[in-house]
Amino acid sequence: MTKEPLLQVRDLKVHFKLGKRGMFGEPSVVHAVDGVSFDVAPGTTFGVVGESGSGKTTSALAVMRLVEATGGSVMLGDTDVLQLRGEALRMARRRMQIIFQDPYSSLNPRVRAGAIVREPLELLDVGSPAEWDERVAELFRLVGLRPEQRALFPHQFSGGQRQRIGIARALATNPEVIVCDEPVSALDVAIQAQILNLLRRLQTELGLTYLFISHDLGVVQHMCDEIAVMYLGQIVERADRISLFRQPLHPYTWALLSAVPSAAPSAKGRRSRVRLQGDPPSPIDLPPGCRFAGRCPFAEDRCRQSDPPLRAIRPGHLVACHLVSEDGRAPHMEAIEA
Amino acid sequence: MTAPLLSVRDLRVEFDTRDGIVPVIQNLSFDLRAGGTLGIVGESGCGKSMTALAVMGLVPGPMGRIAGGSIRLDGEDLVTAGEPRLRQVRGNEISMVFQEPMTSLNPVFTVGDQIGETVRVHQGLSRREAMNRAVEMLRAVGIPAPEKRVHEYPHQLSGGMRQRVMIAMALACRPRVLIADEPTTALDVTVQAQIFDLLQDLQAETGTAIILITHDMGAIAELAERVIVMYAGRKVEDGPVDEILGQPLHPYTKGLIRCVPHLEADPPAERRELMEIPGVVPGLSQLGGSGCPFAPRCSERRAECNAMPVEKAGAGDHSVACWAVPEATS
């Protein structure tokens, strides 16, 4: 990556305190996001994948300042978003916007579509009121809606069209960074392609930078230039899209990839498969050592004792696993060859 | 070939709406052999779940009804069978796993009570025997410490475990047909893989036939041997899974496969645009027209599409209902 990163996240932490257990108990803490760092170059898409509870959405919300971070920094250009207060934070919101997962619950049912898209312009004082109407019409055209649909209410749109309204709203302030939090997972399969193509087209036309959160590995592979795999609040592997999918190094990444059913008939039954047992453990009061050790088929004693650091195996390919050798041999590779 | 276990012929399901009677399923025919797995795919609103409800005799009345056709289980027509007979069949010979395990389990009964209820009703087991069967079923679906779990309530279980409980419940009476309606959509991918393995293992053991309803072509490839593709309440394509996925004939099937970014082990550096199916599925009021229902969204639309396409046989036992597909393609 030669370009200066637009977004630099360093050691981001989000901890939630729970109530005390019993009268004299220690309060327990949910380590939802626990030391996450990554860079996003301008005009690229950075993907965060993981299962529910991995902290991917919380990370995105913390970057957006929609959830208060416990520690770390989020540099947007030269500004640390986490340090901003009051008016400065409000103005910084022009530069970063979010598209939510559920287009049904993220649009106010009592407000017309045009007013929904105009709201960020009003709230963040973008341009003059005289320009707003024309800007909203332009945004509608940009996302593939007709300007005359501004007068309709959200329930008069289909799921895909609603997500287009959500995208238009996010684009209203001409942001540099857009956080896409599972933007297609609530949509019907045939509609997902429409939205994914639209997002990629907008990126090319407007030079947008995306932070793309998804649990769907196929979608992430298609959309993202660089990808971080999260497990229980931490990044376990980070790489560009080609390296990550060609040569996953972390056993969890490998397990995740092999769990995706393939629709290609030729691949049926030929894939090396690994089945993880059980569910991810709860992020409350984590055991010492690697967080994946409990489900990892290769775990050794040292995995349960010390936390593996995230280290670079090749330039741009980082992994947090004791068992990956310096020259990039991962434990599952031997299992596949055997 | 032996007689199929479940045979649906010319099924028609109608609903009363404000705009009159609407056919939500038309001319639907399919067979399911004992021990086989049939996949039903399509977008939401294509009649997949309604097909499942019709087979279960659970079409919501009084506004909905089965208006024609037959559903034969081992030769016995369930459409003409009375409610008392259907009660014997449901949960016993044909059972169903629903999509959302949280809302389909009763939060105020233990999972043991809920699994046990089926066997007590259908097989007349005592409370104690039913509880033992529940423990046995929980063990069969791979829940650790079943003796303890059997006394727990649904909220104490994770999503994957709840879905296992649903499967345990559905299989408690060793049904001959299991209908799984999007059984893994609410689950994480690693847990989904566990559930798929579980379904396959149980099927191999018990010989239960499975109808898998899904919109995920990957799930179909993993589990099904035959697939029917539905659109607007009609079957548009039907064939063995490898043929449907490898050589889809209907433009809708092609679209469904190509519009999804499939995970590749060796992704190309260049990314193409995804194929889009424009528009949306027709609403209830648009059903029952005389032309091909897919025509408004179809890229291969032609003049004939104003008339309803007839089902054509393709190579082998692959059939398709589309004017654009030439007769007897091979």
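This report looks at how chains A and B meet in a predicted model, and then at one helix inside chain A.

Let's start with the interface as a whole. On the chain A side, 36 residues are in contact with 41 residues of chain B. Helix 6, helix 7, helix 8 and helix 9 of chain A each supply at least two residues of this side, and the largest share, seven residues, comes from helix 6 of chain A. By class, the residues of chain A that touch chain B divide into 18 nonpolar, eleven polar and seven charged.

One helix pair across the interface is worth a closer look. The axes of helix 9 of chain A and helix 8 of chain B come within 8 Å and cross at roughly 50°, which means that helix 9 of chain A is oblique to helix 8 of chain B. The crossing is left-handed. The residues that make this contact are set out here:

| Helix | Residue range | Contact residues |
|---|---|---|
| Helix 9 of chain A | residues 251-259 | Ala255(A), Leu256(A), Ala259(A) |
| Helix 8 of chain B | residues 189-206 | Val189(B), Thr190(B), Gln192(B), Ala193(B) |

This contact has five nonpolar, two polar and no charged residues.

Now to helix 5 of chain A, residues 159-171. Helix 5 has 13 residues and reaches 19 Å from its first C-alpha to its last, close to the 18 Å expected. Is helix 5 of chain A mostly covered or mostly open? Mostly covered: twelve of its 13 residues are buried. The buried residues include Arg162(A), Arg164(A) and Arg169(A), along with Ile165(A), Ile167(A) and Leu171(A). Their packing partners are strand 6, helix 3, helix 4, strand 7 and helix 6 of chain A.

Key
Residues numbered from 1 in each chain as written. Chains lettered and ligands numbered in written order. Predicted model: local features only at pLDDT ≥ 70, side-chain atom pairs only at ≥ 80, totals over all residues. Axes fitted to C-alpha atoms, helices over the stretch in contact; angles between N-to-C directions. Helix = DSSP H or I, 4+ residues; strand = E, 2+ residues; numbered from the N terminus. Parallel < 35°, antiparallel > 145°, perpendicular 65-115°, else oblique. Left-handed = near helix turned anticlockwise from the far one by under 90°. Contact = placed C-beta atoms within 7 Å. Nonpolar A, V, L, I, M, F, W, Y, C, P; charged D, E, K, R; others polar. Expected span 1.5 Å × (residues − 1). Buried ≥ 20, exposed ≤ 12 C-beta atoms within 10 Å, placed from the backbone.
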